[in-house]
Structure formats: structure tokens, C-alpha cells
Amino acid sequence: MDSRERDVLDKHIKRSQEGYSALGKHVVEQKMCNYCGACVSVCPKGSITMGAESPQLTGECNACGICYLACPRTFLPMTSMQQWLFDTDEIPPLGTYKQATLASSNSEKIMEHSPDGGIVTTLFTYMLDHKLVDAVITSGKQHECTWCYHPKPRAVTDSGDLLECIDRKYDPNPLLSILKDTTGFAKVAFAGLACHVLGLKKLQYAARMYREELPAFAKISDRLTRNIDFVVGIGCMCRMGKGAWDVMLKEVGVDSEDQVVRHLEERISGDYVFELPDGSEARVPHTRIIEDPHHMCFLCCDYDGYFSDLTIDRSEFQPYSTVLLRNEKAEDMFSRCLEKKLLHTREIPHKGADFVEDMAPMLKSLVEFDTYGYENFLKTGKFSIDPTMQQMMSHFEERRMRGIPENIFLELLKKYPQFEFAKKKRAELGYENPDFI
Ligand code: SF4
Ligand code: SF4
Ligand code: SF4
């Protein structure tokens with residue numbers, strides 16, 4: 001542990017002595033919670049539950065401070081985690097990876113349900129069917145309809161049940177709250193958004209690195225995560241605010257998610273298209289989607305699940321997903337599925353790197369502009385999107401980028417107008433920021 005991490009750790013150990021109130025004061029009240037659910041799983045008293053928007057203390061607190069220390073929005077030793085997993089201090093664009101490819105499932109059943117390449121379902125089906133894992137943790141759905149946009153954490157032990165977990169879910173999901181219920185499985189695979197992967201990997205890091213300084217925290221982290229053997233990160237730009245998705249559906253005449261027969265997200269335009277029972281289409285333009293972002297996403301420092309074994313992201317080549325294989329374990333699992341002809345691949349293009357390079361200064365300059373109206377959110381609780389964002393979106397439509405350059409472009413688009421701007425504005429207005437070091 002270097003001196004910087006030592007100082008940050010000391011600061012947070014001190015704060016954690018206030019128990020749950022430290023979490024309430026420095027994370028929830030500071031509008032920093034990303035609804036990951038880690039605090040629910042780590043509390044040794046079982047005293048935290050997830051409320052509609054944030055965790056709540058619903059039982060006795062012995063001020064052990066573990067919820068505060070475990071929270072990925074208090075501090076994240078990103079450099080040390082990168083060193084631990086990839087033996088280097090630098091996190092390159094999209095994170096460290098050994099191979100990138102486009103891939104799609106060969107299963108008709110999976111592809112019938114999947115809006116993308118069906119890679120997670122295919123990998124997890126293989127792992128469960130061959131007893132490589134006993135369970136997989138993923139996002140299930142709250143409602144019994146084909147396209148349920150309301151997720152809930154789910155542990156699946158039978159590959160047949162994975163089909164129910166495929167579709168997109170836009171509401172925040174406290175996925176890590178399920179860790180407390182999955183310790184009985186010997187080996188588990190996990191798929192979550194970048195923020196879930198950060199929370200999970202913080203616990204795995206703490207289990208190894210904080211045994212001496214923080215033995216109780218390390219012990220609980222170890223108990224919750226030692227069985228997690230394979231981690232899939234799902235690339236993510238932003239979620240919508242609580243309830244915003246339902247409002248948006250109603251605006252285009254979809255009264256309930258039950259009505260949706262098929263859902264497509266157009267990769268280039270970013271529009272969402274819903275097929276309705278009478279064969280007609282309802283379309284939500286991308287400009288509407290970004291009017292109601294979730295505030296938690298503005299403090300997100302990871303676009304692609306940097307610390308996962310394997311990252312899945314969408315690609316403009318439907319029905320292929322972009323796959324980043326980050327280590328040998330991922331390469332091995334992926335090639336087994338290829339050998340069994342469960343997946344097929346196509347070469348990933350690298351087109352438009354020069355365009356991204358040219359655009360980079362403009363994207364970086366967005367750290368100076370309140371593109372989403374984040375200041376308004378901090379002051380009034382509501383975002384107010386700037387037309388600059390609409391202009392930026394037109395660059396997607398020009399289709400100048402393909403493959404990895406496009407993913408890097410999206411990462412920059414998240415990093416500067418969202419993350420870096422939010423940190424700057426928060427500091428100006430007297431809000432705290434997480435210590436991502
Ligand atoms: S983890 Fe510890 S500090 Fe947090 S609520 Fe539970 S008992 Fe209290
Ligand atoms: S970010 Fe996660 S761990 Fe932190 S308070 Fe929110 S739900 Fe709990
Ligand atoms: S943008 Fe980040 S915080 Fe928001 S849902 Fe995606 S991974 Fe989580």
C-alpha cells in the first residue's frame with residue numbers, strides 16, 4: 001500500500017467509526033450512492049435494506065463501520081486494484097485486455113430473446129451445464145412479462161432460467177445485495193454493470209489486502225466473495241432516474257411494459273424502438289433518453305468493467321456484441337464455447353481512430369460545460385440538458401467510427417461531460433467527492 005492509499009484509508013477508517021450514520025452523511029446525503037447493494041450484504045447485523053432510492057438502516061447498528069468501508073462510493077484504490085489484477089499501474093482506455101472480438105450466440109432460443117449477441121447467457125449456460133459453477137448471479141426481472149425493465153438481483157442454478165434474465169433493464173439494481181444469500185455455493189459466476197463490478201472487486205481486494213488493518217472488514221469481504229470465480233462486466237453509459245423509464249414509455253403510448261412485443265435499441269441513433277401487439281412501433285428518440293439521467297452515473301469512473309475477467313459491450317454490428325477478454329481465464333472459457341460451436345465471432349474493425357483522436361480535445365473541453373444541467377440537479381434535483389449534447393449525438397449518426405474506436409469515443413463521452421464535470425462542479429458547490437485513487 002503506498003502512502004496515498006494509506007492516507008485515504010486512514011481518513012475513511014476515522015469516518016467509519018460513526019457507523020451507519022457515516023454512510024448516510026457522506027454517501028447518501030451527498031447524492032453519491034450508486035444503489036449497488038454492497039452495504040446490505042456486508043452489514044454483520046443484517047440491519048441495512050434497500051429503499052426505493054438508497055439504503056436505509058432498519059435495525060440495530062453497532063458502529064462497526066463496515067458498510068461505510070465497503071461502499072464503492074467512499075473510496076476506491078483503482079491504481080492498486082489495477083496493479084493487483086493486471087500487474088500495471090496504468091488503466092488504458094477500456095481497461096486492460098488481451099483480445100477484442102465481435103461475437104454472437106449460435107443458440108436460436110437465446111437470440112430470440114436477446115437484444116444483442118447473447119454472450120453472457122451463452123457463457124453462463126455452458127458454465128452451469130458443465131458444472132463449472134454452481135450458480136450465476138445476474139439481473140432477473142420483477143414482473144412476469146416478456147420485456148420487464150425493472151431488475152432485481154437473482155442467483156440462477158438452472159441454465160433454463162437464464163432466458164428470463166436476458167432482456168434490458170433500465171432501473172438501478174442493487175445486485176450486490178444478493179451476495180449475502182449466495183455464500184453457500186462453492187463456485188459462482190457474476191455478471192453486472194461496471195459499477196457492480198467495482199463494488200464486487202473492492203470487496204475481493206479488501207479480503208486480500210486489508211487483513212491486517214481491517215480484519216473484520218476483510219473477513220466479511222472474503223466470506224461474501226471468495227466463491228466468485230468469474231466476473232463479466234457489462235459496458236454502461238448511464239441509467240435513467242427512478243421511474244423515468246415508465247414515464248418515458250407512457251409518453252410514446254406504451255402504458256405498460258407488458259405491451260412490448262419486441263424491443264430494439266438502435267446502436268447508431270441511440271433511439272429505442274418498441275414493437276407493439278398490433279405490429280406498430282413506438283419510438284423514443286435518444287434525445288429524450290438523456291433528459292432524465294440517473295445522478296448516480298455522474299460519479300461513475302468506469303465505462304467497461306475494468307476489473308472484470310471479460311467485458312461485454314454492444315456493437316453497431318447487430319447481432320454481435322463487442323467482447324473484451326481481459327485474462328487467460330476469460331480466453332479459456334470463451335474458446336471452450338467457440339470449440340463447442342456455442343458462439344461464433346467476426347473480426348472487430350478498428351475504424352475511425354483518427355476521428356476519435358481529432359475529437360478528443362473537444363470531448364475533453366466538455367469538462368467546462370454543464371452538458372446535462374448537473375448543477376441544476378445539485379441545486380433543484382432536476383437535470384436540464386444542454387443542446388450541445390444533441391449536437392454531439394449527431395457524430396454517432398455520421399458512422400465514422402467502428403469497433404474499438406467507437407467504444408473509446410463513448411468512454412470519453414462519459415468521462416468528461418459526466419464524471420469530470422460532476423466532480424468539478426460538486427467541489428465548487430461544496431459537495432464531497434469519492435476518493436478514486
Ligand atoms: S455495517 Fe456496521 S456500521 Fe453499518 S449498519 Fe451494519 S452494524 Fe452499523
Ligand atoms: S453505493 Fe452501494 S454500498 Fe454505497 S451506500 Fe449506495 S448501495 Fe450502499
Ligand atoms: S453509468 Fe456507471 S453507475 Fe451508472 S448504471 Fe452504468 S455502470 Fe452503474
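This report walks through two ligand shells, two sheets, one helix and a few backbone details of a predicted model.

Local features here need pLDDT of at least 70 and side-chain atom pairs count only at pLDDT 80 or more, while totals for chains, interfaces and linings use all residues. Residues are numbered from 1 along each chain as its sequence is written, chains are lettered from A and ligands numbered from 1 in the order in which they are written, and side-chain values use heavy atoms, with hydrogens and water left out.

**The two ligand shells**

Let's start with the ligands. A residue counts as near a molecule or strand if one of its heavy atoms lies within 4 Å of it. Ligand 1 has 13 residues around it, and those that come nearest are Cys43, Cys61, Asn62, Cys64 and Cys67. By class, this shell around ligand 1 holds nine nonpolar, three polar and one charged residue. The classes work like this: Ala, Val, Leu, Ile, Met, Phe, Trp, Tyr, Cys and Pro are nonpolar, Asp, Glu, Lys and Arg are charged, and the others, Gly among them, are polar.

Ligand 2 also has 13 residues around it, with Cys33, Asn34, Cys36, Cys39 and Cys71 coming nearest. Helices α2 (20–28) and α3 (38–42) are the elements that give two or more residues to the shell around ligand 2. That shell has eleven nonpolar and two polar residues, and no charged ones. Helices (H or I, at least four residues) and strands (E, at least two) are DSSP runs, numbered from the N terminus.

**The eight-stranded sheet**

Strands of a sheet pair through backbone hydrogen bonds, either parallel or antiparallel. For pairing, DSSP must find at least two bridges between two strands. One open sheet has eight strands in the order β6-β5-β7-β8-β12-β13-β4-β14, with mixed pairing. Its edge strands, β6 (151–156) and β14 (343–346), each pair on one side only. From one strand to the next, the twist averages 30°. Helix α12 (residues 328–339) packs on this sheet, where it touches β4 (99–105), β8 (228–234), β12 (310–314), β13 (321–325) and β14. Contact means heavy atoms within 4.5 Å. The direction of α12 makes about 110° with that of β14; axes are lines fitted to C-alpha atoms, for helices over the stretch in contact, and angles run from 0 to 180 degrees between N-to-C directions.

At the β6 edge, β5 (residues 135–141) and β6 pair in the antiparallel sense over six bridges. Within this pair, serine 139 stands opposite proline 153 in β6.

**The three-stranded sheet**

Another open sheet has three strands in the order β9-β10-β11, with antiparallel pairing. Here β9 (262–265) and β11 (281–284) are the edge strands, each pairing on one side only. The twist averages 15° from one strand to the next. Helix α10 (residues 244–251) packs on the sheet and touches β9, β10 and β11, its direction making about 65° with that of β10. Strand β10 (residues 272–275) pairs with β11 over four bridges, and phenylalanine 274 has alanine 282 in β11 as its bridge partner.

**Helix α5 and aspartate 435**

Helix α5 (residues 78–86) has Met78, Ser80, Met81, Gln82 and Phe86 buried. Buried means under 20% relative accessible area, exposed over 50%, and partly exposed in between (1.4 Å probe, protein chains only). The buried residues of α5 pack against α1 (3–16), β3 (75–76), α8 (194–209) and β17 (435–436).

Strand β17 is where aspartate 435 lies. Aspartate 435 counts as buried because its relative accessibility is 18%. Its side chain joins that of histidine 12 in a polar contact of 2.7 Å. Such a contact is a pair of N or O atoms within 3.5 Å; within protein, one must be able to donate a hydrogen and the other to accept it, and residues adjacent in sequence count only if both atoms are side-chain atoms. Leaving aside neighbours within four places in sequence, aspartate 435 is in contact with Val8, Lys11, His12, Thr74, Phe75 and Leu76.

**Backbone details**

The table lists some residues with positive phi.

| Residue | Phi | Place |
|---|---|---|
| Aspartate 87 | about 60° | just after α5 |
| Leucine 94 | near 70° | loop between α5 and β4 |
| Lysine 131 | near 55° | loop between α7 (119–129) and β5 |

Leucine 94 counts as buried because its relative accessibility is 1%, whereas lysine 131, at 72%, counts as exposed. Finally, glutamine 318 and proline 319 are joined by a cis peptide bond with omega of about 5°, and proline 319 sits in the loop between β12 and β13.
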